[in-house]
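Here's a friendly walk through a protein model for anyone meeting it for the first time. Have a look at the picture, then read on.

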Amino acid sequence: MLTTTTSDDHFRTSPDKRWKHYTGHAYEATGCPRNSAILNQCIEKSIQYYLSYMYSGSISDRTAVPSLDPLVLPDTTLIQNEHVLSTFTNRETTGFRNMYITDVRSDITRLEFYFQFHISAIDTKGSYHARLAKRPEIAEWSHMTYSIRNSSFELQLKGVNYEQDNRVYLKVNVTDWGQHIGDHTVGFRWFTMSGNYSQFSDQFEQIRGRDILPVVERDLMQSLRERFQHLFNEILRLAPFERFFPTQY
């Protein structure tokens, strides 16, 4: 990985294997030597640095990515059966600015990486809608918030080298993902009802209970897995493999 300060233009390589670009602003980017005794610590520091760019949706002057905070999520179906249909739409997750990396393990020879992150609190907000399958005019709407507190997630990545423009780059895929949720809750701000709602209020209350928690969590973590894989590969496209992980002489 690279640790950087600021950049303005292009790069050039100096004899001591460091990138330097001299303009009105200081710039220096240093890779993590692959045979260094502190390789994992170097990678950890670099990832934490790049997280600040992920929040804004920009990781360099010329490279933009979808913002990590807020993280916009696609619409999803929570429960769908012969009785009811409930959805969670216009979703947006915030709180990643309080996220930090807590563990890094790597095997450069095999291009395998393990990362663990801690998240103090994240909230996913959006529009909740539920209706009866056979009588869709009987429905309810609300503003829904899914909150996670004191949690962590871990991911394993497998890399592969590929050649582009006569240079060798690294691309990674998430091969395993896990999470440890300290506490999570679902809250609703208000409700709007339609049709002969009162006769079915117990049924609506039941479907927005505990059954939707694992569905929302699973969908959120899948979205995070896809987003992090995308973000890591956008970073790795910034420079050839040798500049991220130079050989130390």
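## A buried arginine

Let's start with one residue: arginine 91 sits in strand β6, which covers residues 84-94. Keep in mind that this is a predicted model. Is arginine 91 buried or exposed? Its relative accessibility is 2%, so arginine 91 counts as buried, the cut-off for that being under 20%.

What does the side chain of arginine 91 make a polar contact with? The partner is the side chain of aspartate 219, at 2.6 Å. Aspartate 219 also turns up among the contacts of arginine 91 once neighbours within four places in sequence are left aside. That list includes a run from Leu71 through Val72, Leu73, Pro74 and Asp75 to Thr76, and it also has Thr124, Lys125 and Gly126.

## A loop residue for contrast

Now hop over to aspartate 211, which is found in the loop between α2 (201-207) and α3. With a relative accessible area of 49%, aspartate 211 is partly exposed, because the exposed class starts only over 50%.

Along the chain, aspartate 211 and leucine 78 are 133 residues apart. In space, their C-alpha atoms are separated by 8.9 Å.

## The whole chain and its core

Zooming out, the protein chain is built with 4 helices and 11 strands. It has 249 residues, and 43% of them count as buried. Take the contacts between residues at least 6 apart in sequence: 68% of these join residues at least 24 apart.

The largest nonpolar core has 59 residues, and the ones touching the most other members are Phe115, Phe117 and Phe245. Which helix gives the most to this core? That's α3 (residues 212-236), with 12 residues.

## A small gap inside

How many cavities of 30 Å³ or more does a search of the whole structure find? There are 2. The second largest has a volume of about 40 Å³.

Lining this second largest cavity are Ile119, Ile122, Ile148, Ser151, Ser152, Phe153 and Met221. Strands β8 (112-132) and β9 (139-164) each supply at least two residues of that lining, with the largest share, 4 residues, coming from β9. Sorted by class, the lining of the second largest cavity has 5 nonpolar and 2 polar residues, and no charged ones.

Technical notes
Residues numbered from 1 in each chain as written. Predicted model: local features only at pLDDT ≥ 70, side-chain atom pairs only at ≥ 80, totals over all residues. Heavy atoms only, no water. 1 Å grid on protein atoms, 1.4 Å probe; cavity = no way out; pocket = protein on both sides within 12 Å on 5 of 7 lines; lining within 4 Å. Points joined across faces, edges and corners; volume = space filled by probe spheres on them. Nonpolar A, V, L, I, M, F, W, Y, C, P; charged D, E, K, R; others polar. Core = buried A, V, L, I, M, F, W, Y, C linked by side-chain atoms within 4.5 Å. Buried < 20%, exposed > 50% of the residue type's maximum accessible area, 1.4 Å probe, protein only. Polar contact = N/O pair within 3.5 Å; in protein donor to acceptor, adjacent residues only side chain to side chain. Contact = heavy atoms within 4.5 Å.
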